[in-house]
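Trainee: Could you take me through one part of this model up close? I'd like to go over a single sheet and whatever packs on it.

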Amino acid sequence: MNDFAAHVVHLGRRSVLRTLRQPISVFPSLLFPLILLAVNVAGLDRATLLPGFPTDSYLDFALAFTFMQGTLFAAINAGTDLGRDIETGFLNRLALTPVRGMAMVAGQLAGAVALGLIQAAVFLSVGVIAGARIEAGVAGALVVVALSVLMALGFGAIGAVMALRTGSGETVQGLFPVLFALLFLSSMNLPRNIIDIDWFRQAATYNPVSYLIEAIRSLVIEGWNGQALALGFGMATGIAVLALAVAALSLRTRLVRT
Amino acid sequence: MSAARAIEADGLVRVFGKSLRAVDGIDLAVAPGEIYGFLGPNGAGKSTTVLMLTTLLPPTAGSARVAGFDVVREGAAVRAAIGAALQEAALDPLLTGREHLRLQTALHGLPRAERGTRVGELLERVGLTEAADRKVGGYSGGMKRRLDLALALVHEPSILFLDEPTTGLDIQSRSALWEEVARLAKDEGVTVFLTTQYLEEADVLADRVGIIDHGHIVAEGTPAALKAEIGRPTVDAEPANPGDREAFARVLARFGEPTQGSPRGVAVRLADHDGLAGVVRALDAENLPVANILLHAPSLDDVFLAKTGRSLEGAVEDPEPVGA
């Protein structure tokens, strides 16, 4: 293992430990998406009667949204942790070691990825226990987990960018509502083709979050849909690559060691 | 510049924004194995200087070499040679002391087989063996500072930067840290660059002191030389009978020039260091009863006062905009 990879592993271990030792961060990220799922399923079940609705189970339809919401929690956690490292000077401590800047960020994201993995496992298990049926089977469930992890990496990197730009964990937390609004302007509650309001349908169409949700949803309610998966994985990869690149640039501004 | 010096700086400047000159052209020359005390009030430029010398902040102008390496062009080599405990112990409250040290040994590239031994040695050295597996969030301020020191020593640096290492610590913790720092310099030949706003700390620990104010070094030398430079001890005698003030002034004038004393006392700067006994005998011979008599030896605060026109004890300014 080269130095960069070794540093990522060591810092990643720290990040995962931090995440697991903060139940106050882990539990809400598991609980709130499931509560919202329960509320939506209870209140919007009759939406399945709408012409063109792709399934007769709103639970199957809405399950995908929990993964997206969980991803946002992972992003905020990653950003908050990095922001605190900047505030406390821990980043400076790391800067005095031979660790490369991107290894610091990548290590930090390991916690977000770990949280994404835990969330995906919990959401899938709870969904299945509650009666959801994964049409793509066990292999599809594994693809859901893989996409969730990729989403956690990408949105975790967005959290890291916010932390590097602001240098404050609290400010990152304050940005949560902004990210949350992105969720609601997507196809989280209804398929895009039956959203009646024009501007909302347009917003959902341009919102990359819609494609992430639809990729997971396709595995649950349709089975294997190549186009939805390609769009979902493409968006997730694009977000991850773009966010990591911006994080690298932000790090150069934040970390001015010679 | 000479590589025989552990730390050298030549006209080091750091400007924040358009015009805030936090460090304004300082020169430094610290010998290997020396403990150099960098003394000054908050906002004087101490931490900014340390950040530049530790490569965490590029200088706006001037140059500096640490362990023989240029801090701008050879940052990685500088970092390999130094250890640093910066202002506020930068620790993760969710990790244990042992986990901190293990992470630090791994990041510094110590072979896996040596990490456990090194961690154990350092925990023992700073007296944290028993607390090693407790989360740092539960440590006292003194324990955090000791762990901070241990982390700075993981890779056996030849130069150690300590930025206000005892700020906020109780006397016991402060003394323990002083002992360890002194031992590092004496027994292991580690060069220590220590910033402090505590006069006593600089006086007790430092071989040489640089006094910084408004980004400039206003005085530099051994504590004894600096104190000797600004003057002799002052004796301040308070008459038991307030009506004796004039007589007191007359008697004391034989031993030195008058100076500002306590509100009810009469003070003179002694012409020689053994004058106190003479003052006592003369007052007794004149049958002048004394309510109180104080001998005030020059302190580093007096040096600061003499050089800047104000007392270090009250010279608290806005915090430095480091890391801005």
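Mentor: Here is a walk through the open sheet in chain B, with a short stop at one residue elsewhere in the chain. Keep in mind that this is a predicted model. The sheet is built from 6 strands of chain B, and reading across you get β6-β7-β8-β3-β9-β10, with mixed pairing. The edges belong to β6 (82–85) and β10 (216–221) of chain B; each has a single partner strand, so one side of each has no neighbour in the sheet. On average, neighbouring strands here are turned by 15 degrees against each other, ignoring direction.

Now go to the β10(B) end. There, β9 (residues 208–213) of chain B pairs with β10(B) in the antiparallel sense, over 5 bridges. One bridge to look at joins D213(B) to H216(B), the latter sitting in β10(B).

Next, the helices. α11 of chain B, residues 300–308, lies across β3, β9 and β10 of that chain, and runs at about 40 degrees to β9(B). Helix α6 of chain B (residues 171–188) lies across β3 (35–39), β7 (159–163) and β8 (191–196) of chain B, at about 150 degrees to β8(B). So β3 turns up under α6 and under α11.

Last, the stop elsewhere: E238(B), in strand β11 (residues 234–239) of chain B. E238(B) counts as buried because it has 20 C-beta neighbours inside 10 Å. Leaving aside residues up to four places away in sequence, E238(B) touches S262(B), R264(B), G265(B), A291(B) and N292(B). G261(B) is 23 residues from E238(B) along the chain, with 9.3 Å between their C-alpha atoms.

Technical notes
Residues are numbered from 1 along each chain as its sequence is written. Chains are lettered from A and ligands numbered from 1 in the order in which they are written. This is a predicted model: local features need pLDDT of at least 70, side-chain atom pairs count only at pLDDT 80 or more; totals for chains, interfaces and linings use all residues. Two strands pair if DSSP finds at least two bridges between them. Helices (H or I, at least four residues) and strands (E, at least two) are DSSP runs, numbered from the N terminus. Axes are lines fitted to C-alpha atoms, for helices over the stretch in contact, and angles run from 0 to 180 degrees between N-to-C directions. Two residues are in contact if their C-beta atoms, placed from the backbone, lie within 7 Å. A residue is buried if 20 or more other C-beta atoms lie within 10 Å of its own, exposed if 12 or fewer, and partly exposed in between; C-beta atoms are placed from the backbone.
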